[in-house]
Amino acid sequence: NDLRIAVLGVGMMGADHVARITDRIKGATVAVVNDYFTEKAEEIAAGIPGCRVVNDPLDAIADPGVDAVVLATPGPTHEKQLLACLEHGKPVMCEKPLTTDVATSLEIVKAEAELGKKLIQVGFMRRFDHEYEQLKALIDDGVFGRVLLAHCVHRNPVVPPSFDSSMIVKDSLVHEVDVTRFLFDEEITSVHVLKPAANPGAPEGLQDPQIAFFSTESGRHVDVELFVTTGVAYEVRTEIVAEKGSAFIGLDVGLVRKHSTGAGTGRSGAGMYGGEITPSFKERFGQAYDVEIQRWVNAVRTGAETGNYVDGPGAWDGYAAAAVCAAGVQSLEMGERVTVEMVDRSSIPGA
Ligand code: INS
């Protein structure tokens with residue numbers, strides 16, 4: 001029988017997961033939806049046979065008809081909801097952030113470790129993107145020798161009006177934080193965020209673009225251009241530079257076309273060269289989300305045998321990301337390089 005999932009929060013990301021689980025994921029159905037806006041939850045539930053609305057997120061987690069939880073609620077509610085998942089032994093796929101600050105993220109890591117089960121996965125979907133997987137496999141294969149540097153670009157056409165300068169770090173840069181830890185297999189030890197001249201088209205007061213620099217435990221460097229008001233396209237690129245070569249992903253070339261601007265009219269004229277642009281992360285990382293959720297469902301279904309209900313980044317990765325982002329926000333404010341404060345992983349048995 002199918003895994004019965006409760007999706008908490010059916011905004012853009014949650015609604016996307018509901019559709020994905022219903023249409024494409026094998027072995028799972030959406031049994032319960034919940035949202036702060038009840039009508040939104042009701043509207044979504046109405047489209048799925050057998051799906052109920054539960055109005056209180058904690059009731060949804062505790063519900064005996066729910067086997068696992070997808071958390072796509074706003075970050076400030078995660079701590080309570082994650083603790084409830086742990087208390088009821090419910091596996092949970094938590095969209096970033098794990099929690100909104102470093103101290104509570106650490107509490108979550110400790111609470112899970114004490115249970116002795118891996119119940120929390122964090123939604124860093126890039127790890128499941130085909131191109132990132134290829135890049136990781138190449139690095140691990142060793143053909144390039146040691147990776148020395150990475151150059152990253154993270155551009156969004158637009159962000160919601162609520163987006164402030166620190167969210168460019170906590171909401172956007174957080175993905176490069178996870179990508180760096182994933183590709184380099186070590187922790188980030190310091191962050192420096194620079195503030196170039198702002199885009200005149202950005203909302204008043206938004207520091208956009210930003211340039212971030214990470215350095216890692218072994219002294220390797222990563223630079224990231226963050227630009228979230230380009231008005232053009234969703235672009236995420238990563239280049240790694242190694243001892244014996246370099247590799248690049250995210251060119252985002254689907255169909256590339258060349259034609260004369262007079263095409264089909266019998267006239268010739270100046271030429272055109274181009275393709276389609278990717279509008280948002282839903283399209284760019286759609287394949288990654290599908291793989292992420294399918295693998296999570298599979299892990300949850302076999303979790304009882306192993307105590308591991310996770311296949312991908314876990315609570316520790318959420319905590320590490322929170323610690324690096326906190327340093328990033330501080331750097332943005334102070335204009336200096338800031339050291340990342342993190343506990344030693346080995347000090348928490350089971351983490
Ligand atoms: C979104 C999402 C996207 C990222 C955006 C962020 O929440 O995480 O992947 O590109 O910058 O605001």
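Colleague: What makes the approach of Asn-156 to the ligand a polar contact?

Modeller: A polar side-chain atom of Asn-156 sits 2.7 Å from a ligand oxygen. A polar contact is a pair of N or O atoms within 3.5 Å (within protein, one must be able to donate a hydrogen and the other to accept it, and residues adjacent in sequence count only if both atoms are side-chain atoms), so this pair qualifies. The model is predicted: local features need pLDDT of at least 70, side-chain atom pairs count only at pLDDT 80 or more, and totals for chains, interfaces and linings use all residues. Residues are numbered from 1 along each chain as its sequence is written, and side-chain values use heavy atoms, with hydrogens and water left out.

Colleague: Which distances link Asp-171 and His-175 to an oxygen atom of the ligand?

Modeller: For Asp-171, a polar side-chain atom is 3.0 Å from a ligand oxygen. For His-175, a side-chain N or O atom is 2.6 Å from a ligand oxygen. The protein covers 88% of the ligand's own 300 Å² of accessible area (Shrake-Rupley method, 1.4 Å probe; for residues, only the protein chains shown count as cover).

Colleague: Which helix gives the most to the shell around the ligand?

Modeller: Helix 7, residues 165-184, with three residues. Helices here are DSSP runs of H or I with at least four residues, strands are E runs of at least two, and both are numbered from the N terminus.

Colleague: Why is Glu-176 called buried?

Modeller: Glu-176 belongs to helix 7. Its relative accessible area is 0%. Buried means under 20%, exposed over 50%, partly exposed in between (1.4 Å probe, protein chains only). Therefore Glu-176 is buried. The side chain of Glu-176 also makes a polar contact of 2.9 Å with that of His-154. His-154 is one of the residues around the ligand.

Colleague: Why does His-192 count as buried at 19% relative accessibility?

Modeller: His-192 has 19%, and the limit is under 20%, so His-192 is buried. This residue lies in strand 8, residues 188-194. A polar atom of the His-192 side chain is 3.5 Å from the backbone oxygen of Gly-335.

Colleague: Is Leu-251 buried or exposed, and why?

Modeller: Exposed, because its relative accessibility is 55% and the cut-off is over 50%. Leu-251 is in the loop between strand 12 (245-249) and strand 13 (257-260).

Colleague: Which residues form the nonpolar patch on the surface?

Modeller: Phe-248, Leu-251, Val-253, Val-256 and Tyr-273, with about 540 Å² of accessible area together.

Definitions and conventions:
Near = heavy atom within 4 Å. Patch = residues over 30% accessible without salt bridge, like charges linked within 9 Å, V, L, I, M, F, W, Y side chains within 5 Å. Salt bridge = Lys/Arg side-chain N within 4 Å of Asp/Glu carboxyl O.
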